[in-house]
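These notebook entries record what I looked up, entry by entry. I begin with local backbone features and then turn to the metal site, the charged pairs and the domain contact.

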Amino acid sequence: MKILIVEDEQHLADGLRFNLEAEGYEAEIAHDGETALDHVQKSVFDAIVLDIMLPGIDGFEVAARLRAKQNFTPILMLTARGRPEDVLKGFEAGTDDYLPKPFDLEIFMARLNGLLRRREWMRKEKTGSRIDDIYTVNGKTIDFANLELRSTGETVHLTLMEIKLLRYLIENENVTVSRKTILEEVWDLQEDTDTRAIDNFIVRLRKYLEDEPNNPQIVRTVRGIGYKFVSGNE
Ligand code: CA
């Protein structure tokens, strides 16, 4: 397993590498975003640990550029104090999990190992979900274990947060769920967060699932409250 550490604080970067190597991982360090993107072009990593506050382009931009290039390496972002707005911005950019600074190295390793096993983690028996690993709606097949959505001739890779949100909506089919509940249940954010942040994720899910994303029939808006998933399946 090879991990890329993107972190401009030398001590922290060295400390993380030391720990990863002690656990049998290979680790490389990039001290800024541009260098990180270079590293990713040159070799394949199993996961990326990505600090948000970096010189030059920030971690959000690094994540967004990787995802735009169809690179779906799992990303664990490091955020200052875990500010909810940063966490959501990171998820929008395509990161998979976050760890607020400062953190304990044991927690770091646990989060990273979880991320490396994320496909396995999304399986029905692991999550205790009522929904099977394969779910079909509107002729599109959602593969929860592989974080993919397949339709005729096309496969879309979903981020971990997109697939978690989708699963949550499907589990609550025909039930209106509020934005606040979604933030708590899917993102695990308890604090007062701007709940409109969810709307961007909903827009993306509609693009994947709906025939007419601007006239949604599956991921419906319930005005003033939240959303309701209606599969239309028999
Ligand atoms: Ca930093």
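Entry 1, backbone. I located Pro-102 in the loop between β5 and α5 (105-116). I then examined the peptide bond that joins Lys-101 and Pro-102 and found it to be cis, with omega at about -5 degrees. I note that this is a predicted model, so I record the bond as a feature of the prediction. I next looked up Asn-138, which has a positive phi of about 50 degrees although it is not a glycine. I place Asn-138 in the loop between β6 (134-137) and β7 (140-143).

Entry 2, calcium site. Which protein atoms serve as donors of the calcium ion? I list Asp-8 (OD), Asp-51 (OD) and Met-53 (O), lying 2.1 to 2.3 Å from the ion. Along the chain I read the spacing of these donors as D-x42-D-x1-M. I also checked where the two aspartates sit: Asp-8 is in the loop between β1 (2-6) and α1 (10-22), while Asp-51 belongs to strand β3 (residues 47-51). The two are 43 residues apart, and I therefore enter them as a pair linking distant parts of the chain, under the DSSP numbering of elements.

Entry 3, salt bridges. I obtained a count of 14 salt bridges by the rule applied. One that I followed up is formed by Glu-9 with Lys-101, whose closest N and O atoms are 3.2 Å apart. I find Glu-9 in the loop between β1 and α1, and Lys-101 in strand β5 (residues 97-101). This pair, too, links distant parts of the chain, its members being 92 residues apart. Lys-101 had already appeared in my first entry, as the residue joined to Pro-102 by the cis bond.

Entry 4, domains. I took the domain assignment of the chain, which gives domain 1 (2-124) and domain 2 (134-229). The contact takes 13 residues from domain 1 and 22 residues from domain 2. I recorded 24 Å between the C-alpha centres of the two domains.

Entry 5, domain interface. The area buried between domain 1 and domain 2 is about 1,800 Å², and I note that carbon and sulfur atoms give 65% of this area. Which three residues supply more than any others of the area that domain 1 buries against domain 2? I name Leu-88, Glu-92 and Met-122, with 38%. I searched the interface for salt bridges and found zero by the rule. For polar contact, I counted two residue pairs between the domains, both at pLDDT 80 or more.

On the side of domain 1 that touches domain 2, α4 (84-93) and α6 (118-121) each supply at least two residues. I attribute the largest share, five residues, to α4. By class, I sorted this side into seven nonpolar, one polar and five charged residues.

Terms used
Residues are numbered from 1 along each chain as its sequence is written. This is a predicted model: local features need pLDDT of at least 70, side-chain atom pairs count only at pLDDT 80 or more; totals for chains, interfaces and linings use all residues. Side-chain values use heavy atoms; hydrogens and water are left out. Domain bounds come from an automatic or database domain assignment. Contact means heavy atoms within 4.5 Å. Buried area is the accessible area (1.4 Å probe) that two parts lose on being put together, summed over both. A salt bridge is a side-chain nitrogen of Lys or Arg within 4 Å of a carboxyl oxygen of Asp or Glu. A polar contact is a pair of N or O atoms within 3.5 Å; within protein, one must be able to donate a hydrogen and the other to accept it, and residues adjacent in sequence count only if both atoms are side-chain atoms. Helices (H or I, at least four residues) and strands (E, at least two) are DSSP runs, numbered from the N terminus. Ala, Val, Leu, Ile, Met, Phe, Trp, Tyr, Cys and Pro count as nonpolar, Asp, Glu, Lys and Arg as charged, and the others, Gly among them, as polar. Donors are N, O and S atoms within 2.8 Å of the metal (3.2 Å for Na, K and Ca); water is not among the atoms, so sites may look incomplete.
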